[in-house]
Amino acid sequence: MSISDNIRQRMIQGSWIRRMFEEGNMLKQKLGADKVFDLSIGNPVVEPPRELHQELQRLAKNPLPGMHRYMENAGYADTRSAVAEQLSQEMGVKFSHQNVVMTCGAAGALNVVLKSLLNPGEEVIVFAPYFLEYGNYIDNHNGITRVVPTDETFIPRLDALESTITARTKAVIMNSPNNPTGVVYNQDLIDKLGRVLGAKEKQLGTHIYLISDEAYRKLIYDGIKYPPVFQCHHQSIVASSHSKDLALPGERIGYIAVNPDCFEHDDLMEAIIFCNRILGFVNAPALMQHLVRKLQDVTVSLADYQKKRDFLYGNLVKMGYSLVKPQGAFYMFPSRPPRTRSSL
Ligand SMILES: Cc1ncc(COP(=O)(O)O)c(C=O)c1O
């Protein structure tokens, strides 16, 4: 057999969401796109904002010399500076381009970070339910996934986190706003999480990285503000992208931001830039880097998503489903409704 046993096994176990997406595409061809509501993968239903098309036209009309060539593996310094500027405003920590690497989406960012950090057999903690690709990404870099439960409102159980951390724990991945629950962690939880990690580092004499997957950071409803993670833990890294906030998942543009106060910051940045190269990404797509440079403070219409959230949530509750009202992202995680007499 040519294909590795591990990959064959992972393909069997982990491809059902993709299979649903492909089935949806087949049904659309058969029945018409307006007859099929595809809720399988996290594809934005909205189009990118007008500003993105304007910027694309401007670039096409005024091409910059060498704009499609190789560049530094970290990405263009001026794009990284624009991301750093936006992060400084949102996070209350001063970033420069030296803390930022442009990547092929948040998926590329997570793989680069894990490749940079993990020795074989080291453990990465995730909170259930989680974005299922985390298991594959951790395995890509010979790590072991450890799953910590959340409570009935999908908030991580910090007592369980504490007892799962060992000397082999290299990182914890958190994801807020969360796929698949839509839950947004509040400042109090993030502070407590930071305190647990800090205490465990002291007790074990290790460094435990908090990897914050912020693919949905700008998709938050009801006026809730996103609590930044960088103040809660020095060893913190954000992996994010414009797949959802600019509705660009097919274009593969994202970034990594490392806490400027991180221990061995410069070594870690060098490793991250090196891994971006050797994983074969080489650099994030050049055209997209030119494009998003000026769009750091632009986001798709939140009102559209919030309207859909309200419609779906309200109707699912009326139908008898119980679910936590999502505060961000575009997912819902309902439990099965109670059986009624007529459904028995
Ligand atoms: C939680 C989460 N992280 C990462 C990703 C990957 O995002 P990207 O398309 O930017 O690689 C997704 C995509 O749906 C996601 O839901």
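**Entry 1: Met11 and the surface**

I looked up Met11 to begin with and found it in helix H1, which spans residues 5-14. The model I am reading is a predicted one. Is Met11 buried or exposed? Neither label fits: its relative accessibility is 47%, and partly exposed runs between 20% and 50%, so I logged Met11 as partly exposed.

I then checked for surface partners of Met11. Together with Ile3 and Ile7, Met11 makes up a nonpolar patch on the surface. I noted about 260 Å² of accessible area for the three residues together.

**Entry 2: the shell around the ligand**

Next I turned to the ligand. I listed 14 residues around the ligand. Which of them come nearest? They are Asp213, Tyr216, Ser241, Ser243 and Arg252.

I sorted the shell by class and got 6 nonpolar, 5 polar and 3 charged residues. I also asked which helix gives the most to this shell. Helix H5, residues 105-117, does, with 3 residues.

**Entry 3: polar contacts of the ligand**

I went through oxygen atoms of the ligand and their polar partners. For Tyr216, an N or O atom of the side chain lies 2.6 Å from a ligand oxygen. For Lys244, I read 2.8 Å between a polar side-chain atom and an oxygen of the ligand. With Ala106 the partner is a polar backbone atom, 2.8 Å from a ligand oxygen.

Last, I looked up how much of the ligand is covered. On its own, the ligand has 400 Å² of accessible area, and the protein covers 93% of that.

Definitions and conventions: Residues numbered from 1 in each chain as written. Predicted model: local features only at pLDDT ≥ 70, side-chain atom pairs only at ≥ 80, totals over all residues. Heavy atoms only, no water. Near = heavy atom within 4 Å. Polar contact = N/O pair within 3.5 Å; in protein donor to acceptor, adjacent residues only side chain to side chain. Areas by Shrake-Rupley, 256 points an atom, 1.4 Å probe, with all protein chains shown as cover. Helix = DSSP H or I, 4+ residues; strand = E, 2+ residues; numbered from the N terminus. Nonpolar A, V, L, I, M, F, W, Y, C, P; charged D, E, K, R; others polar. Patch = residues over 30% accessible without salt bridge, like charges linked within 9 Å, V, L, I, M, F, W, Y side chains within 5 Å. Salt bridge = Lys/Arg side-chain N within 4 Å of Asp/Glu carboxyl O. Buried < 20%, exposed > 50% of the residue type's maximum accessible area, 1.4 Å probe, protein only.
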